[in-house]
Amino acid sequence: MQLINHERLEDPLGETKKACAQMLNERDPSFTLPQPFYKDERVFAVDMQEIFSKEWLFAGMTCEVPKKGNYLTLTVGENPIVLVRGDKDAIHGFYNVCRHRGSKLCLQERGKAAKLVCPYHQWTYELDGRLLFAGSDMGEDFDMNAYGLKPIHVRVAGGFIFVCLSEGEAPSFDEFAETLDHYLEPYDMENTKIAVESNIVEDANWKLVIENNRECYHCNGSHPELLNSLIEFDDTDDPRATDDYKALVARKQADWSAESVPFELKRIGRRNRLTRTPLLNGVVSMTMDGKPGSKKLMGRLQSPDMGSLRILHLPNSWNHFMGDHAIVFRVLPLSAQKTLVTTKWLVHKDAVEGEDYNPDELRRVWDATNDQDRKLAEENQRGINSQAYQPGPYSKTYEFGVIDFLAWYSEQMIDNIEGDVPDLKLAKG
């Protein structure tokens, strides 16, 4: 009796991958996705294999691991990982899994350790992943060199740490890394710190979370706190851009040029987008009163009036950098209809809590906005779960960012699936 179908064991999602690729190939790119992409656990498993295990993901900030031995942990799907600063300021990334019996090594979100020691049986690893100690009971022929921690791809750029869980070569990253370094040079990111952090779980598919972020069509009816400072669009070529906005942009760009601060709109494919745009006239920060949230400015900046440097990195991050503080967002899928959204507020490392900034005031705008977005995404999910749902049209004027996101998602899914399923035949339209 055959107990194991080896072909199915090698790729248990093979048929689901083929179905996903076919649906994405046949979809109208100006419409929402077919229902399974938002609610089906099998499709979610394909997302985790083809997107979150193969693309570069935003993981954390270099200031979170400021010294040798500082580590940061997170979980991508079913994969716990650890990032640790080692010798010569290098940041290493590993699966947070002991090579003995698979226990998690580092159990805290952040910490500091001279060595990485498994709490189960005390196997001990160097910060570069080498196994140093495995006890005296493994036998004389035990090869310590064969049991180092399993590494992951890590890249650092502009104070951000990115990881890729691809077992082979990671996707190209150099252009984005160089661009991020250039745009964030004025902020001296190694000399920042996390002032405050929030984690919320949204009962919605991760793509709905990203879609909601990629448009401000909903902002006027949903985000009064945010619209105290934010202008809904950030590009003078936007069809909604007014003459007043264009004039404001011209004035602010002259100021930023005088400080040698980059502001030009830069796109790297559909995956990455960077641009510096003004906040409302007279507003300098995303706070309730529009005034600086921190008295100590970031990096070499001389004025708090830096607008917002908006940075998009698909599939899991958007960010706002102002003169006085920065806000970074990380999205990590938990299940087909559950997503973790982490928000971190950064300030100059020498800013003093209670004197230079008040954490409660710093976070008020985005705490409110995040909760409003959570409710929107969750109601969106509940409607999509209905048997009445069918893909609906996006506004090409207001929702072009969502169209771009799903175009990127569809292309990456199809390309990555084709690499996994050699016999996949798609009728190219």
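In what order do the seven strands of the open sheet run, and is the pairing parallel or antiparallel? I started here, keeping in mind that this is a predicted model. Going across, I read β11, β17, β16, β15, β14, β13 and β12, with antiparallel pairing.

**Edges and twist**

I then looked up the edge strands and got β11, residues 192–202, and β12, residues 266–268. Each of these two pairs on one side only. For the twist, I noted that neighbouring strands in this sheet are turned by 15° against each other on average, direction ignored.

**β11 and its partner**

How many bridges join β11 to β17? I found 10, with β17 covering residues 338–348 and the two strands running antiparallel. To fix the register in my head, I picked Ser198, which stands opposite Thr343 in β17.

**Helices on the sheet**

Next I checked what packs on the sheet. Helix α6, residues 206–213, does, and I listed its contacts as β11, β15 (317–321), β16 (326–335) and β17. The direction of α6 makes about 150° with that of β16. Helix α9, residues 359–384, packs on the sheet too, touching β11, β15, β16 and β17. For α9 I jotted down an angle of about 25° with the direction of β11.

**Cysteines**

How many disulfides are there? My count came to one. The bond joins Cys216 to Cys219, with 1.8 Å from S to S. I looked up the torsion about that S-S bond: it is about -105°, so the disulfide is left-handed.

Are the two bonded cysteines buried or exposed? Cys216 has 10% relative accessibility, so I put it down as buried. Cys219 is at 3%, so that one counts as buried as well.

Why is Cys20 not in a disulfide? The closest cysteine sulfur, in Cys164, is 20 Å from the sulfur of Cys20, so the gap is too far for a bond. Cys20 has 0% relative accessibility, so I marked it buried.

Cys118 took me a second look. Its closest cysteine sulfur sits in Cys98, at 3.9 Å. I use a cut-off of 2.5 Å between sulfur atoms, so 3.9 Å is too far for a bond and I did not pair Cys118 with Cys98. Cys118 goes down as buried too, because its relative accessibility is 2%.

Terms used
Residues are numbered from 1 along each chain as its sequence is written. This is a predicted model: local features need pLDDT of at least 70, side-chain atom pairs count only at pLDDT 80 or more; totals for chains, interfaces and linings use all residues. Side-chain values use heavy atoms; hydrogens and water are left out. Two strands pair if DSSP finds at least two bridges between them. Helices (H or I, at least four residues) and strands (E, at least two) are DSSP runs, numbered from the N terminus. Axes are lines fitted to C-alpha atoms, for helices over the stretch in contact, and angles run from 0 to 180 degrees between N-to-C directions. Contact means heavy atoms within 4.5 Å. Buried means under 20% relative accessible area, exposed over 50%, partly exposed in between (1.4 Å probe, protein chains only).
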